[in-house]
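Trainee: Hi, could we go through this structure together? I'd like to know what to look at.
Mentor: Happy to, let's bring it up.

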Amino acid sequence: MLDFFTIFSKGGLVLWCFQGVSDSCTGPVNALIRSVLLQERGGNNSFTHEALTLKYKLDNQFELVFVVGFQKILTLTYVDKLIDDVHRLFRDKYRTEIQQQSALSLLNGTFDFQNDFLRLLREAEESSKIRAPTTMKKFEDSEKSKKPVRSMIETRGEKTKEKTKNSKKKGAKKEGSDGPLATSKTAPAEKSGLPVGPENGELSKEELIRRKREEFIQKHGKGLDKSSKSTKSDAPKEKGKKAPRVWELGGCANKEVLDYSTPTTNGTPEAVLSEDINLIRGTGPGGQLQDLDCSSSDDEGATQNTKPSATKGTLGGMFGMLKGLVGSKSLSREDMESVLDKMRDHLIAKNVAADIAVQLCESVANKLEGKVMGTFSTVTSTVKQALQESLVQILQPQRRVDMLRDIMDAQRRQRPYVVTFCGVNGVGKSTNLAKISFWLLENGFSVLIAACDTFRAGAVEQLRTHTRRLTALHPPEKHGGRTMVQLFEKGYGKDAAGIAMEAIAFARNQGFDVVLVDTAGRMQDNAPLMTALAKLITVNTPDLVLFVGEALVGNEAVDQLVKFNRALADHSMVQTPRLIDGIVLTKFDTIDDKVGAAISMTYITSKPIVFVGTGQTYCDLRSLNAKAVVAALMKA
């Protein structure tokens, strides 16, 4: 039984809605729009919201969305057929009202679709019931029951006879396929010199085949050897060096002799090569990330590179330039397949996880399928522009993390703002914690650093060194005798959750604005350490949980982030566990334009990238610029 079925435009106007079991479809549909459609995650046509499963279909030509919802514990096989039938009938019936594409016409239109939908629903349900369950086959209906008992009894001698018969049949087939060796069964044996008589028995035919092959090799093999020797001897032997190639004024005197390239038709290889090169050239504007070369050519530069070569004729160049134009027709999967394959390979080469690259291309295909293009729009430029818009939308956070505003809210409540850092070993948690501390000190907030990494040797000493350096940069004399940064540590081998609790209580008593909790690095598959991390976060309830990840990794970043998030949910002791709130992407200055890890991490969990580490000094902390990252990602 369906909960609801609704049809609405991409502008947000509900054209028709069917209410089944559910009283309202507003919540699930809004979640679908917010989490999938607006975030460019339309690679799959299904979405799960609480206890419901939503399946949807996009009509890009008329800007419509068809959504059906049902309980996820049910297995309804007719849903895909139903949504296709409703889509087809609704378009055909109300084509005139939809083609006007104005909000006023859609509001004034009367979409009386209830009876048609109930008829299609009844037909879909009946079609799923027509297929009766298959019954087991009885022995009386099998082929084996029709055979007599004598045919199923085997003796020891019959197997050898069957083998000899089969070998005779195979030998006869080989004899017939040998061409000149094939002779009739009644050929006299005297000509071949073979003995004739009943003493040969059943082996006479095999012997006949073997000896005829030997005679054929003796007769024709010698002739082949002689002919091969004669051909070798007839070839004149060249003595000395060959005449050198003559070049006149930088060119070749005999171009036909030196032209060893394969023949081309209308310059097809050059056209394909230029198309491959210009396919991934960036076209989007936008600023640049500091310390990164994110420059990309604009649309004019990309179009200039697609000019035909000078060797082609004027007519051929014109047709080559107009070859990729769509000409006001709707895009299909076949039109976009080759371009999307190249886009997917390019994203993977730029360090985007393979699964996410496939889902991104699938989402772009669903977004563009059936869309009517302009006369002078190419498939390549259209797909590239849609992919760029999708990537920028993915990097834009659903919820902006504004630490400065949140810290001021905590100050008004007279409590410290707590931030916990987690991640795998060696990604730079302590170093980036010191960078964020410097950023907070520059904004006038006091910081308490909690040394909760009680496992790694030198972790406390590293934070003590950072604290001493930060205190030198912001001495108490500049802040009215107030200590702006301090380290809270209890040594090694202690419980990290207990140290964090004591640090938060100490910060509340001493009036610190922010508490930065440093945790030990751990692999995402280590269950005991992940349980301890979940305990630390559950007991202390920090305001912000930041996952520190490297920009160097591709598929591994997705695995780390997913398993950390899942471990915090599985090992938590509360009903609504605290999960990861944001991402700190480190070592961003070591990857040049291979910035795909930012896409992978943001796509998989919809978590924003709060900070980006780009160097070794305290000032090397940046906020993410989505357009600059996408420009670097699309650059060839």
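Mentor: One definition before we start: two strands pair if DSSP finds at least two bridges between them. Keep in mind too that this is a predicted model.
Trainee: Okay, so what is the bridge partner of Leu585 in E14?
Mentor: Leu585 is bridged to Val612 in E14. Three bridges join strand E13 (residues 582–586) to strand E14 (residues 609–613), and the two run parallel.
Trainee: What sheet do E13 and E14 sit in, and what is the strand order?
Mentor: An open sheet of eight strands, in the order E10-E9-E11-E8-E12-E13-E14-E15, with mixed pairing.
Trainee: Which strands stand at the edges?
Mentor: Strand E10 (485–488) and strand E15 (621–622). Each has a single partner strand, so one side of each is left without a neighbour in the sheet.
Trainee: And which helix lies across E12, E13 and E14?
Mentor: That's helix H21 (residues 596–605), which runs at about 145 degrees to strand E12 (544–550).

Trainee: Switching topic: how are the strands ordered in the five-stranded sheet?
Mentor: The order there is E2-E1-E5-E4-E3, again an open sheet, and the pairing is antiparallel. Strand E2 (14–19) and strand E3 (46–49) are at the edges with a single partner strand each, so one side of each has no neighbour in the sheet. From one strand to the next, the twist averages 20 degrees.
Trainee: How many bridges do E1 and E2 pair over?
Mentor: Five, in the antiparallel sense, with E1 covering residues 4–9. Phe4 stands opposite Gln19 in E2, for example.
Trainee: Which helix packs on that sheet?
Mentor: Helix H1 (residues 26–37) does, touching E1, E3, strand E4 (52–59) and strand E5 (64–71). The direction of H1 makes about 60 degrees with that of E4.

Trainee: Now the helices. At what angle do H12 and H13 pack?
Mentor: Helix H12 (residues 333–349) packs with H13 at about 150 degrees, and their axes are 9 Å apart. H12 and H13 are therefore roughly antiparallel to each other, and their crossing is right-handed.
Trainee: What does the contact look like by class?
Mentor: The contact of H12 with H13 has 13 nonpolar, one polar and three charged residues. Among them are Met336, Leu340 and Arg344 of H12, and Val358, Cys361 and Glu362 of H13.
Trainee: And how does H13 pack with H14?
Mentor: Helix H13 (residues 354–368) and helix H14 (residues 379–395) meet at an angle of about 120 degrees, their axes 10 Å apart. That crossing is right-handed as well. The residues involved include Leu360 and Val364 in H13, with Val383 and Leu387 in H14.
Trainee: What about H12 against H14: at what angle do they cross?
Mentor: Roughly 45 degrees, with the axes coming within 10 Å. That makes H12 oblique to H14. By class, their contact has eight nonpolar, one polar and two charged residues.

Trainee: Last thing: where does pLDDT stay under 50?
Mentor: Residues 172–202 are one such stretch, with 21 contacts beyond four places in sequence in the model. Another is residues 226–235, with zero contacts of that kind. Where pLDDT is low, the predicted coordinates should not be read in detail.
Trainee: And what does the protein chain average?
Mentor: A pLDDT of 76, with 70% of the residues scoring at least 70.

Note on methods. Residues numbered from 1 in each chain as written. Predicted model: local features only at pLDDT ≥ 70, side-chain atom pairs only at ≥ 80, totals over all residues. Heavy atoms only, no water. Helix = DSSP H or I, 4+ residues; strand = E, 2+ residues; numbered from the N terminus. Axes fitted to C-alpha atoms, helices over the stretch in contact; angles between N-to-C directions. Contact = heavy atoms within 4.5 Å. pLDDT = per-residue confidence, 0-100. Left-handed = near helix turned anticlockwise from the far one by under 90°. Parallel < 35°, antiparallel > 145°, perpendicular 65-115°, else oblique. Nonpolar A, V, L, I, M, F, W, Y, C, P; charged D, E, K, R; others polar.
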